[in-house]
Structures are given as structure tokens and as C-alpha cells.
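This report examines a single protein chain, moving from selected residues to the chain as a whole. Please consult the sequence and the model shown below while reading.

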Amino acid sequence: MERTIVDVPEGARGTARRAATNPHPRSEPNRPLRVAIIGGGPGGLYAAALLKRLDPSRDITVWERNAPDDTFGFGVVLSDETLGGIEHADPQVYEALQRDFIRWDDIDIVHRSTRHTSGGHGFAALGRKRLLEILHTRCRELGVALRFHTEAPKELPQTHDLVIAADGIHSTTRETYADVFHPQVTTHRCRYIWLATDFPFDSFRFEIAETEHGVMQLHGYPYAPGASTVIIEMREEVWHEAGFDELDEAESLERCGKIFAEALRGRPLRSNNSAWTTFRTVVNDRWSHGNVVLLGDAAHTAHFSIGSGTKLAVEDALALAAGLEERDSLEEALAAYEAERRPVVASTQRAARASLEWFENLGLYLDQPPRQFAFNLLTRSRRVTHDNLRLRDARFTEAVEREFGCPPGTPPMFTPFRLRGLTLRNRVVVSPMDMYSAVDGVPGDFHLVHLGARALGGAGLVMTEMVCVSEEGRITPGCAGLYTGRQAEAWRRITDFVHAQAPGTAIGVQLGHSGRKGSTKLMWEGMDEPLQEGNWPLVAASALPYKPYSQTPRALSRAQLTDIREQFTAAACRAARAGFDLLELHCAHGYLLSGFLSPLTNRRTDAYGGSPEKRLRFPLEVFDAVRNVWPGERPLTVRVSATDWAEGGTTAEDAVEIARAFAAHGADAIDVSTGQVVADERPEFGRSYQTPFADRIRRAAGVPVIAVGAISSWDDVNSLILAGRADLCALARPHLYDPHWTLHAAAEQAYTGPGVAWPAPYRAGSRRPQTGRTDAPKPRLSL
């Protein structure tokens with residue numbers, strides 16, 4: 001029989017007796033009095049302590065299948081934000097934690113025997129066992145029943161008012177109600193093992209080892225006066241190649257100790273039932289079902305490289321307790337808990353995903369200059385930015401800027417960049433944005449004002465919307481074109497204005513053909529919806545409609561392919577005569593050329609379909625034809641969708657090969673977007689969410705890239721450029737919000753150098769206007 005330890009504190013014995021005589025006491029729905037918590041980790045224990053402290057009459061039991069001191073891991077890192085919440089909610093727990101915390105400020109990055117240190121970061125850590133002891137003590141003081149070595153009974157939802165499932169990444173509760181929670185578990189590419197060593201690092205240390213088997217990395221940090229957590233991580237194929245799959249625990253420790261002997265100062269590593277594993281990201285569509293709610297790793301996980309697991313669980317407990325106090329019913333409380341926490345968790349998971357993918361692709365960055373490599377590592381999650389790092393450690397950040405080539409006082413975004421014969425004075429691009437405001441394909445006064453205003457706004461390059469190469473190649477009746485002389489003359493009016501009134505700003509044209517996504521309504525009348533009248537026939541790589549109700553296109557014949565190629569070259573010739581400085585070929589977003597590249601939209605069986613090389617054939621033929629007629633000194637770029645965000649579609653690896661092919665044919669840069677190829681895509685939106693694809697193409701294909709996708713601040717631009725993840729940054733919506741976005745970015749950074757120039761009539765507005773006093777509201781008293 002399994003041994004059971006029941007820890008029922010003196011103060012809770014009366015409640016325990018009542019529970020014994022009335023085994024199913026139920027409270028009012030708005031006041032859950034009988035609470036079961038499955039899982040005795042920090043999140044579950046802290047939730048128990050909070051709920052008992054808020055209402056001592058509650059009967060709270062924690063069910064933990066392991067022993068009190070069983071734990072898998074060593075140190076726990078908590079942020080000042082989390083500690084602030086703990087201090088507010090339970091000062092006694094906070095004081096106990098404070099006495100045991102190890103604090104430090106520095107991050108050391110060691111690569112190729114060179115160490116770079118960045119300070120000002122502020123960490124606090126303690127041993128996981130000590131954290132559990134503090135929480136055990138607090139629970140006992142308050143009267144929480146702790147049951148160790150005991151599996152939680154299956155009938156808890158029927159016998160309790162509230163069941164909190166804090167049973168970890170392998171949550172039995174989550175799997176029991178999988179048809180309701182709809183968990184999605186993603187397994188990643190690296191193997192790692194959680195270890196410790198008996199000396200304290202004096203910083204958060206990242207050490208890179210380039211071995212004969214591949215790249216390995218050490219993550220280490222102190223958690224006690226004489227101990228540090230050490231995590232060893234490497235890609236799965238490196239792990240196999242190094243033979244770790246054949247080593248037992250002791251042999252793994254010895255091998256890792258030798259590889260990182262210098263970082264470990266020759267000290268041995270120790271384990272705690274440690275095993276090599278792969279990280280799994282857990283996401284759930286719902287976090288509660290009836291009176292059962294998920295908390296911590298049972299609901300969500302985030303990669304250890306941003307130190308978030310315990311932090312998220314503790315913050316979950318705070319939010320859940322607040323919701324139960326503030327809402328009138330359990331249903332409302334659980335909904336409020338999820339509404340409050342889900343955006344925070346989603347943001348953390350995006351940052352964690354960016355961080356773990358950076359480490360998965362670490363080999364791409366090894367040849368970066370040493371300080372840039374360190375800056376790249378520090379900003380990998382996009383949580384730490386250029387401006388934020390400057391506040392933390394100005395000396396380190398300035399050293400990175402000098403190594404990059406920034407003149408004194410020049411933010412990275414205002415350094416020049418050369419593409420073929422064109423030198424852009426800064427790294428900001430006004431991204432192509434369809435305006436749907438042309439008449440018969442002719443750009444009018446709206447386009448002059450729209451593009452002219454953004455050229456006056458200081459960007460290095462202003463791009464037109466997708467300009468269609470034929471009448472049949474339009475997306476909507478309002479799309480602009482370059483298939484007539486009249487259209488070319490109208491464009492010339494705009495380029496002349498830009499060159500005369502905004503000297504130093506380049507203007508580029510994006511050429512494309514709508515393919516199967518044409519003959520639709522204006523965006524604000526119904527995006528991607530077919531016209532009710534006046535439709536024109538559609539053509540595409542294959543006869544597949546974009547949406548079930550969309551018009552079905554005709555698959556292009558060989559003769560039609562030749563016609564369309566000639567339409568592109570004719571439009572390119574007109575663009576050259578119209579005075580454009582740069583031309584971009586639109587091979588993204590499911591339009592005609594993109595439709596050839598994706599296996600989801602190209603089902604051809606001839607020479608233009610099938611293998612990746614065959615799917616590339618027609619887009620490359622068009623590219624070559626355009627390059628032939630486009631002036632040699634002017635750059636030609638290509639926009640691609642680096643992933644279809646759909647199963648069986650273009651992947652990030654495919655995108656690298658596509659970029660390599662265009663670069664080999666003479667593309668000067670790749671404009672890296674994603675998606676919009678198939679209607680059933682599932683994008684992973686978030687700040688700068690497309691930039692990792694640009695970064696990967698830049699490093700793997702060795703071609704300059706333009707990054708796009710929810711880049712919203714000048715701080716983002718500086719961070720991406722300085723880290724070497726992009727050469728140019730294209731912004732769309734920020735330039736709709738503020739046509740003078742780049743000028744304002746310069747003013748806010750007190751930059752007045754040659755990377756940007758205020759038009760003479762606007763110079764009086766080059767300082768931010770004074771505003772009245774604003775007092776921020778006080779924080780909500782949540783508990």
C-alpha cells in the first residue's frame with residue numbers, strides 16, 4: 001500500500017472533523033469554501049496560502065503525490081514585479097523569501113574565449129527546496145492540510161467547491177478534460193539537462209562551446225551562497241552525435257563537466273534525478289471547466305531561458321485569488337482570472353518562443369562580431385531592447401554601437417545602408433500598403449499626398465502599394481497599375497515630388513499580380529470577398545479558389561505564362577521611366593508568383609510544379625526578365641512569405657532555399673513577410689513576430705533582408721538592426737498613424753545627424769510640443 005503523509009495543522013483540525021462528518025459540504029457559488037489543490041509545487045502551495053489567508057474558514061487541502069522535499073531542479077529566479085505582488089498579498093512569505101534570496105546584476109556571455117559582461121539587470125534567486133519549505137511553513141501556519149505521497153482522488157470536483165489543478169506539465173487533470181481544455185503541446189528541437197554545482201557564479205552566465213559534434217551551451221546562475229543552477233543544452237542532433245543518448249546519468253555529468261570545465265572552475269556537476277529531456281510548450285484553449293481550473297505549467301509553459309515557470313505560476317495564484325475575492329460568482333471569478341492572465345501568458349510565451357528558437361539556431365550567429373553576438377543574445381526574446389539595455393548598461397551598449405559602426409550619438413536606425421547603386425540614409429522603410437484608391441489603375445491626388453507625406457516624414461525608403469502589371473492582375477477595382485502610359489505619367493508626378501521635396505528619400509515600386517486573390521471588393525467593403533458585379537476572370541498556378549466562395553481561377557498555360565512575364569517586364573520598363581529608385585517583385589501573400597512557390601497552391605504536374613526547384617521556375621523566370629530591363633545600378637528586391645502558417649505549406653527552411661535562389665539570380669535584398677497564402681492559416685501574431693524568419697534568411701542565405709511584421713517602435717528598429725537580425729525595417733501601420741514617424745523617432749532620441757532631415761517648412765515642429773500635467777492612476781488594490 002502506498003504510504004500517505006497527512007499534514008493537518010492544529011488550526012485546521014476543526015474543519016477536518018466537520019469534513020469527516022459531512023463529507024460533501026458545499027458553499028454558496030460565490031464563496032468556495034472547500035478547495036482542493038492538485039500539486040504541491042510553488043504555484044499550488046502559494047494559491048493555498050493566499051486563499052486560506054483571505055478566508056480562514058476555507059477548508060483547503062493540497063494533494064501532492066511526491067514527498068515534501070521532492071523537486072526537480074535547483075534554483076528559482078523571480079522578478080521584482082512578481083516579488084512586489086507577493087509582498088502586497090502576503091508580507092510574511094515575502095519577508096521569508098527576502099532572507100534567502102541571492103541577488104546579482106550582471107550577465108556574462110562567454111564565446112570563443114571572450115567574455116562580455118552587461119550589468120544593471122537585477123536578479124533574485126533562491127533554492128527551489130527552500131522555496132517549498134517557506135511555502136509549506138506558511139500553509140501549516142494558516143491551517144492548510146498538506147497530503148504528500150497521495151494521488152488526488154478523482155472525485156474531487158464532486159466533493160469540493162473549487163479544484164485548482166497545479167499538477168504540472170504532465171497534468172493528469174488537463175488530460176482528463178482534454179476535450180474541454182483542448183491542449184496543444186509543441187516539442188522543440190533541443191535536449192537539455194538540469195544540474196547544479198557547488199559554487200556560486202557571480203553572474204547569470206551563458207557559455208558557448210563549439211565542439212566537434214556541434215554547438216552546446218551552458219546557462220548558469222547562483223541560487224544559494226554555495227551553489228549554482230547549471231543547465232546544459234544542445235540541439236537533438238548534436239546530443240546524438242556526441243553520444244549522450246548512450247550515457248547514463250553519471251557519465252553525462254562527467255562529460256558535461258569536461259566540456260565546460262573552465263566555466264565550472266573544475267568543480268563537478270551534481271544531479272537530482274536529472275535526465276535529458278526536450279522542452280514542451282503547453283497551450284490550452286480554455287483554463288477552466290465547471291469548478292476545475294488550471295494553474296501554472298498545467299495551463300501553460302514558457303522556456304526556462306527567460307526564467308518564467310515559477311514566476312508565471314505564482315502570478316497565476318495571485319490573479320486567481322484576486323478574482324475569487326472581487327467577483328460575485330465562481331464562474332465570473334474563473335473567467336476574470338483567465339481574462340487577466342491569458343494576455344500576460346501569451347506575451348511571455350511569445351518571448352520564450354523567440355528565446356528558445358534563438359538558442360536552437362545558435363549556430364547561425366557564431367561568426368558575428370563578439371559584442372554584437374552578446375547584444376543579440378541579450379535581446380533575443382525582444383523583452384530586452386536597445387533602449388532598455390542602454391538604461392541598464394550604457395557603457396556596454398555604446399561599445400556594441402561602436403563595433404557596429406554607429407558614429408557617436410547616432411542610433412543604429414540612422415546609419416546608412418547601401419543596395420547596389422542606392423544608398424539609403426537610414427534603415428526605415430515605409431512598407432507597401434494597398435490603398436485601393438486608384439481610378440482605372442491611375443494613382444491620383446490621394447497617392448501624391450499619401451506617399452509624399454511619408455517621404456517628407458523622414459524614412460530612408462518609401463514603397464508604393466502593390467502596383468499591378470495588368471488590368472486582370474488587380475486585386476480590386478481600386479488597385480493602382482503600371483500597364484498604361486497614363487499610369488506611368490501619374491507615377492512620375494509622385495516620384496518627381498519625392499525627389500524634389502524630400503531629397504535623400506528614395507521611392508520604390510512593388511510590382512505584382514493578384515492571381516487567384518483578384519476581382520474582390522475594396523478592403524473596407526469586404527476583404528477577399530468577390531465582387532457582386534463587374535468580375536474579371538482569374539488565373540493562377542493551379543485551379544484552386546482562395547476561399548470556398550471565391551472565384552475559381554484558371555490554371556495558366558505555357559503561352560499565358562509567357563504573356564504574364566512580358567507584362568512584368570513592360571511594367572518594369574515603365575517604372576524605370578517613371579523615376580523609381582528601387583523595384584520589388586511581389587512573391588508573397590498568395591498572389592500569383594507566391595502561388596507558384598507554395599506546395600499548397602501549386603498542384604501542377606508540368607515543369608512549373610512538383611519539386612521546390614520546379615515551383616521556383618516561373619518566379620525566377622519573371623525575376624530574370626525584370627532584372628534584364630531594370631537599370632543595372634538600381635536595386636531589385638523580392639518579397640516572400642517565409643511560412644504559410646499551415647500544415648504542408650512553405651516552412652522557414654523552405655524560405656531559406658527560396659531566398660538563396662533569388663539571391664543567386666541577383667536579388668539585392670529579400671523582404672521577408674509571412675502568410676496570407678491560404679485562408680485557413682494559423683499565424684502566431686505578436687510584436688515583431690515575423691522578424692525571426694528574416695533573421696534566419698539573413699544568416700543562412702547570406703543576403704540582406706528587410707524585416708516586417710508588427711515592428712511598432714523606433715526601439716524595435718534599433719534593436720533589430722544592432723543585433724544583426726535585419727538590414728532594413730519596414731513599418732506599415734505606424735506610418736498610417738504618424739506620417740512623420742521617422743522624424744519623430746529622431747526627435748525623441750535627440751538625433752540631428754545626416755540620417756534624417758526635417759523639411760525646412762517643418763523645422764519649427766522638430767521639438768515635441770509641451771503638454772499639460774497628467775497623473776497616472778494608482779495601481780488597483782487586487783487583494
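## Thr569 and Arg574 in helix H19

In this predicted model, Thr569 has a relative accessible area of 16%. Because buried means under 20% relative accessible area, Thr569 counts as buried. The residue belongs to helix H19, which covers residues 558–577. Apart from residues up to four places away in sequence, Thr569 touches Ala625, Val626 and Val629.

Arg574 is also found in helix H19. With residues up to four places away in sequence again set aside, Arg574 touches Leu482, Tyr483, Thr484, Gly485 and Ala488. Glu401 is 173 residues from Arg574 in sequence, and the C-alpha atoms of the two are 41 Å apart in space.

## Pro443 in a loop

Where does Pro443 lie? Its place is the loop that runs between strand S21 (428–430) and helix H16 (445–456). Pro443 has a relative accessible area of 4% and is buried.

When neighbours within four places in sequence are left aside, the contacts of Pro443 are Ala438, Gln487, Ala490, Trp491 and Ile494. Leu544 is 101 residues from Pro443 along the chain, with 31 Å separating their C-alpha atoms.

## Gln217 in strand S13

Strand S13, formed by residues 214–224, holds Gln217. At a relative accessibility of 3%, Gln217 counts as buried.

Which residues does Gln217 touch, not counting residues up to four places away in sequence? They are Glu207, Ile208, Ile231, Ile232, Glu233, Phe260, Phe359 and Leu362.

## Helix H13

Helix H13 spans residues 370–378, and 7 of its 9 residues are buried, so the helix is largely enclosed by the rest of the structure. The buried residues of H13 are Gln372, Phe373, Ala374, Phe375, Asn376, Leu377 and Leu378.

## Positive phi values and a partly exposed helix residue

Arg265 has a phi near 55 degrees, a positive value in a residue other than glycine. Its place is the loop between helix H10 (249–259) and strand S15 (269–270). Ala710, likewise a residue other than glycine, has a positive phi near 60 degrees. Ala710 sits in the loop between strand S29 (705–707) and helix H24 (714–723), and its relative accessible area of 43% makes the residue partly exposed.

Ala394 lies in helix H15, which comprises residues 394–404. At 32% relative accessibility, Ala394 counts as partly exposed. Ala394 and Gly120 are 274 residues apart in sequence, while their C-alpha atoms are 9.5 Å apart in space.

## The annotated span

The UniProt record, an unreviewed entry, lists residues 413–746 as "domain: NADH:flavin oxidoreductase/NADH oxidase N-terminal". In the model, the end C-alpha atoms of residues 413–746 lie 9 Å apart. Helix accounts for 37% of the span and strand for 16%.

## The chain as a whole

The protein chain contains 26 helices and 30 strands. Why does a radius of gyration of 30 Å agree with a compact globule? A compact globule of 783 residues would have a radius of gyration near 28 Å, so the 30 Å of the protein chain agrees with that value. Taken along the principal axes, the box filled by the C-alpha atoms is roughly 90 × 65 × 60 Å.

Of the 783 residues, 59% count as buried. Considering contacts between residues at least 6 apart in sequence, 73% join residues at least 24 apart.

## Surface and charge

The protein chain exposes about 32200 Å², of which carbon and sulfur atoms supply 49%. The chain carries 88 positive and 99 negative charges, and the mean positions of these two sets are 2 Å apart.

Conventions
Residues are numbered from 1 along each chain as its sequence is written. This is a predicted model: local features need pLDDT of at least 70, side-chain atom pairs count only at pLDDT 80 or more; totals for chains, interfaces and linings use all residues. Side-chain values use heavy atoms; hydrogens and water are left out. Helices (H or I, at least four residues) and strands (E, at least two) are DSSP runs, numbered from the N terminus. The radius of gyration is taken over C-alpha atoms; the globule rule is 2.2 Å times the number of residues to the power 0.38. Buried means under 20% relative accessible area, exposed over 50%, partly exposed in between (1.4 Å probe, protein chains only). Contact means heavy atoms within 4.5 Å. Accessible areas come from the Shrake-Rupley method with a 1.4 Å probe; for residues, only the protein chains shown count as cover. Lys and Arg count as positive and Asp and Glu as negative; His and the chain ends are not counted. The place of a charge is taken as NZ of Lys, CZ of Arg, CG of Asp or CD of Glu. UniProt positions are given in the numbering used here, feature names are shortened, and annotations may be inferred rather than shown by experiment.
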